[in-house]
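Here's a quick tour of a protein model, pitched for someone new to reading structures. Have a look at the picture first, then work through the bullets below.

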Amino acid sequence: MAETSAENLKTTPLYERHMNANGRMVPFGGYSLPVQYPSGIMTEHKWCREHAGLFDVSHMGPSFLLLNNPSGDAEADHAAVAAIIEPLICGDIAGLKPGQIRYTLLLNETGGTIDDLMVGRSPVDGGALYIVVNAGTKDGDFARIEAAAGDKAKLTRADGDNALLALQGPEAVAVMSALAPGAEQLGFMQYAAFDFADQQIIVARSGYTGEDGFEILVPNANAPELWDALLADDRVKPIGLGARDSLRLEAGLPLYGHDLDETISPTEADLGFAVSKRRREAADFPGAARILAEREGALSRIRVGLIVDGAPAREGAEILDASGTAIGVVTSGGFAPSLGKAIALGFVPPAYAEHGSKLQVSVRGRAQPAEVVPTPFVPHRYFRKPKAS
Amino acid sequence: MTTKFTPDHEYIRVEGSTGIVGITPFAQEALGDIVFVELPAVGKVLKKGDEAAVVESVKAASEIYAPVSGTVTEINDELTGNPGLINADPEAGGWIYKIAIADAAELDGLLDSDAYAELTL
């Protein structure tokens, strides 16, 4: 990837497309990316909720972990590659079916979160995982995984030679299946390879907006062509980082570096579902002692959703109890375009975390009412395949 | 009637001893969709450069400073229900507050429209 000399920012293969669309470019995770296009964050946000939004997420860290000496027995090879990554994370990777993806967390020895990531089992090859990590943490994550792999497996970064696109929204499936017939057959959190312009692209039915949609890994050389082909459909508009953030906030999804960091455990982040049952029962993941004790009630803080009355409470705003005593802090907050009001994620002691709990947030020194509500703030609309009977 | 500007992209339209303060079209464009406006209290005494109001876009909060010293005489209550007025019509319907100018000489230190236009080229 090219680097711009001024700020040493990397660009993605879609940089010219963003410039041509008058995207307002900002530095983000070491890359120059559009925070919005001329239509603005509000319009882009609502378009994605109603139609389909196209995002350049090439700053993220896609990679493949491949067993060096596969036996040829697909199940044994999968077990072997799962055994490499599992000691770093709290998810059940051994139990993934071919083509299945799991959201999981990379943890440190004290149960704090080094990153949140997606791990998928190859739909075709034994002993192969598809792993996507966050932009800001990717170098450290990859180094950890490589160290764990030793000479048993090889980690191949896919972030330099490929672009990663996300197509999200209720009309995404119709658009995607027109370009990659069969993509509509994928269930939520499944992936497969498809042909596009005589190249292989990887299409995953996943995303971070709360909507149905896809994330697509495409070689750099074909990325602009795929971008254009998706935008040629009237149902699709490009969406910048601003609306990406407001969409994920409404979906109640944590953002690494804000709602998750190396001190925050999965239990505290209310991501208990990401600690798979098998791993929990075996207590064989980093920080298991702390995390299992927290599950039993030894928890000092938990992530909650807040609806805020008045000005948006941004990251760093104090959360107060009804009498004005500081009890916690906002970790992400802003305006929810779909709801027309301010929302926030933050951490409070469990005693204050009950839905309906009346709290306050301090914005510019003034206390404003805030109520604990269930998340997501806007219901998820992921595509769940009906269970075969 | 004359309009002056600050390097922080506030304007003050002077009508007699009163100034009408808002943000420029350039500023509203840069901020994007405005979703909340925190207005000053009527009667508040401001010194030049004091924080007078806050406008919030989807992404961030931005302070609006007093271009000159004075006392707030009126606020644009319409912005409470319709903050997007600042985007739609920053120079007229999207005004933020009116100030009784304490020292008209302070206006001389502000930018005229040519100097402001130069700044935002």
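Let's start with one pair of residues: A:Q168 has A:G213, in strand 14 of chain A, as its bridge partner. Keep in mind that this is a predicted model. From that pair we can move out to the strands around it, then to the core, the whole chain, the contact with chain B and a few backbone oddities.

**Strand 11 and its partners**

- The pair we just met belongs to a longer match: strand 11 of chain A and strand 14 (residues 213–219) of chain A run antiparallel and are linked by 7 bridges.
- Strand 11 of chain A also pairs with strand 5 (residues 52–56) of chain A, again antiparallel, through 4 bridges.
- On that side, A:L54 finds its bridge partner in A:L167 of strand 11.
- Is strand 11 of chain A largely enclosed or not? Its residues, 162–168, are buried in 7 of 7 cases, so the strand is largely enclosed by the rest of the structure.
- In a regular strand, side chains alternate between the two faces of the sheet.
- In strand 11 of chain A, both faces are covered: A:N162, A:L164, A:A166 and A:Q168 are buried on one side, and A:A163, A:L165 and A:L167 are buried on the other.

**The nonpolar core**

- Nonpolar side chains tend to be buried together in soluble globular proteins.
- Here the largest nonpolar core has 138 residues.
- Which of its members touch the most other members? They are A:I85, A:L165, A:L167, A:V203, A:I216 and A:V361.
- Take A:I216 as an example: beyond its neighbours within four places in sequence, it is in contact with A:L165, A:L167, A:I201, A:I202, A:V203 and A:L226.

**Chain A as a whole**

- Chain A contains 9 helices and 21 strands.
- Its C-alpha atoms fill a box of roughly 65 × 55 × 50 Å along the principal axes.
- A compact globule of 389 residues would have a radius of gyration near 21 Å, and chain A agrees because its value is 21 Å.
- Of the 389 residues in chain A, 50% count as buried.
- Among the contacts in chain A with a separation of 6 or more, 67% come from residues 24 or more positions apart.

**Where chain B meets chain A**

- How many residues of each chain take part? In chain B, 10 residues are in contact with 13 residues of chain A.
- Strand 4 (34–38) and strand 6 (51–57) of chain B each supply at least two residues to the side that touches chain A.
- Strand 4 of chain B gives the most to that side, with 3 residues.
- By type, the residues on that side of chain B split into 5 nonpolar, 1 polar and 4 charged.

**Backbone oddities**

- The peptide bond between A:T375 and A:P376 is cis, with omega about 0°, and A:P376 lies in the segment after strand 21 (366–373) of chain A.
- A:A197 isn't a glycine, yet it has a positive phi of about 50°.
- You'll find A:A197 in the loop between strand 12 (191–196) and strand 13 (199–204) of chain A.
- A:A197 is partly exposed, with 13 other C-beta atoms within 10 Å.
- Over in chain B, B:H9 also isn't a glycine and has a positive phi near 75°.
- B:H9 sits in the loop between strand 1 (2–5) and strand 2 (10–15) of chain B.
- Is B:H9 buried or exposed? B:H9 counts as buried because it has 22 C-beta neighbours inside 10 Å, and the cut-off for buried is 20 or more.

Definitions and conventions. Residues are numbered from 1 along each chain as its sequence is written. Chains are lettered from A and ligands numbered from 1 in the order in which they are written. This is a predicted model: local features need pLDDT of at least 70, side-chain atom pairs count only at pLDDT 80 or more; totals for chains, interfaces and linings use all residues. A residue is buried if 20 or more other C-beta atoms lie within 10 Å of its own, exposed if 12 or fewer, and partly exposed in between; C-beta atoms are placed from the backbone. Two residues are in contact if their C-beta atoms, placed from the backbone, lie within 7 Å. Ala, Val, Leu, Ile, Met, Phe, Trp, Tyr, Cys and Pro count as nonpolar, Asp, Glu, Lys and Arg as charged, and the others, Gly among them, as polar. A nonpolar core is a set of buried Ala, Val, Leu, Ile, Met, Phe, Trp, Tyr and Cys residues joined through C-beta atoms within 7 Å. Two strands pair if DSSP finds at least two bridges between them. The radius of gyration is taken over C-alpha atoms; the globule rule is 2.2 Å times the number of residues to the power 0.38.
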